[in-house]
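Here are some notes to read alongside the model. Take them in order and keep the viewer open.

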Amino acid sequence: MNSKYRLTVGILSYNRPKELLRSIKSLLPLPDNVEVIICDDKSPKVDQILYEIKDLIYLNNIKFISNKTNLGYDRNLFQLIELADADHVMLLGDDDYLEEGAIENVLNFISNKTDFKCGFLHFKSIEKSTAIISYSRYYSSNKFFNKNTLEKEGSFFYNSILFSGLIFSKKAIEINQLDFSKYFKSIYIQVAIFVKLNLIYGSYYIFGPGVIIGGDGESGFGFNEAAKNNDADLRDRSSVISNLAYHKRLFDVVENLVTDTKIDIKISFYKEYKIRSIKAFYTARKFGRKYLISYWIELNKLSIPNIKSNYLIYFIIFCFPIWILKYPILILEKSVSFYRSKFVNK
């Protein structure tokens with residue numbers, strides 16, 4: 001592959017004019033060997049988007065693609081990868097942005113790693129009070145993770161759920177003829193790419209400047225205006241309960257990946273999910289016990305393996321006042337962080 005650029009920064013765009021402008025500005029000034037491709041999935045606000053970024057898209061290495069039809073998240077992301085004219089593609093959400101020096105950091109790293117096929121940057125929340133270290137994609141130094149990590153450590157799998165800051169070798173996807181068609185309606189196609197490339201090549205964590213999560217609602221998502229009629233359950237991601245519809249799609253991807261790869265990643269994945277569910281349960285408790293009951297009912301519908309082992313913790317969260325629970329939850333998070341730091345530093 002004779003690429004004009006060393007890196008493509010790929011941005012998926014939908015109905016976020018000012019946030020997209022912020023994302024693009026965080027990339028400037030662009031090195032000559034970096035291009036930006038923005039794939040807008042037929043936004044109703046496309047004219048407003050074009051107005052906001054009109055002074056930037058005329059730069060030689062910034063391209064704006066306006067889809068004639070709404071492809072949906074997965075097809076739009078894969079289209080972006082196919083359009084990339086670079087050796088590597090780094091993904092970025094239109095409501096996220098990069099820390100100063102992040103692009104140079106990535107370029108330096110991949111230039112020194114001829115075997116780089118898959119990797120990721122750290123992320124942090126702009127709301128310091130809600131940033132959860134134990135749930136973040138963060139390690140204390142550059143790391144290489146081999147293919148066995150997926151089976152052993154569920155938190156590593158979660159590195160791929162947020163697509164901002166994921167970096168893939170375009171050639172690695174092409175030469176392995178990876179079949180992603182079954183994931184085109186999953187809304188988690190980047191997870192499939194991450195898992196499959198990791199099982200072949202392993203992946204790198206790039207320490208240093210990374211991604212800042214802009215976020216527009218609960219869990220940094222909010223409303224999914226692009227959801228089609230048959231995906232009505234995905235339109236609202238603004239609450240803890242509505243997020244569970246997305247979790248179900250993620251579980252389906254995990255099941256498909258196990259079938260595809262013959263590697264059982266479910267044990268570590270669901271173990272990690274149960275740990276994270278405690279924080280989500282605590283968050284739901286903030287809205288009152290009646291709301292928490294509704295959340296508990298919907299959570300049980302997901303049929304999570306061995307979820308009953310969490311019931312005692314859930315019951316304690318249900319019974320105690322929220323102000324008493326705050327500090328035990330923080331202690332739990334710090335304990336999880338400590339365990340993970342021991343794992344990655346082995």
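The points below cover two helices, a surface patch and the cysteines.

1. Ground rules. This is a predicted model, where local features need pLDDT of at least 70 and side-chain atom pairs count only at pLDDT 80 or more, while totals for chains, interfaces and linings use all residues. Residues are numbered from 1 along each chain as its sequence is written, and side-chain values use heavy atoms, leaving out hydrogens and water.

2. Helix α8. Let's begin with residues 189-201, which form helix α8; helices here are DSSP runs (H or I, at least four residues), numbered from the N terminus. Its 13 residues reach 18 Å from first C-alpha to last, close to the 18 Å expected at 1.5 Å a residue (the expected span is 1.5 Å times one less than the number of residues). Right after α8 comes Gly202, with a positive phi near 80°.

3. How covered is α8? Because 11 of its 13 residues are buried, α8 is largely enclosed by the rest of the structure. Buried means under 20% relative accessible area, exposed over 50%, and partly exposed in between (1.4 Å probe, protein chains only). The buried set in α8 includes Ile189, Phe194 and Leu199, and also Gln190 and Asn198.

4. Lys196. Have a look at this lysine in helix α8: its relative accessibility is 11%, so Lys196 counts as buried. What does Lys196 touch, not counting residues up to four places away in sequence? Its partners are Leu178, Asp179, Phe180, Tyr183, Leu257, Asp260 and Thr261, with contact meaning heavy atoms within 4.5 Å.

5. Helix α10. The 20 residues of α10 (266-285) should span 28 Å at 1.5 Å a residue, and the end C-alpha atoms are indeed 28 Å apart. This helix is mostly covered too, with 16 of its 20 residues buried.

6. A nonpolar patch. Now turn to the surface, where Leu312, Ile316, Phe320, Trp323 and Ile324 make a nonpolar patch of about 530 Å². Patch residues have over 30% relative accessible area and no salt bridge; nonpolar side chains (Val, Leu, Ile, Met, Phe, Trp, Tyr) are joined within 5 Å, like charges within 9 Å. A salt bridge is a side-chain nitrogen of Lys or Arg within 4 Å of a carboxyl oxygen of Asp or Glu, and areas come from the Shrake-Rupley method with a 1.4 Å probe, where for residues only the protein chains shown count as cover. Helices α12 (311-319) and α13 (322-344) each supply at least two patch residues. Ile324, in α13, is partly exposed because its relative accessibility is 32%.

7. Cysteines. Cys39 is at 0% relative accessibility, so it counts as buried, and Cys118 counts as buried at 0% as well. How many disulfides (pairs of cysteine sulfur atoms within 2.5 Å) turn up in the whole structure? The search finds 0.

How values were computed: Disulfide = S-S within 2.5 Å.
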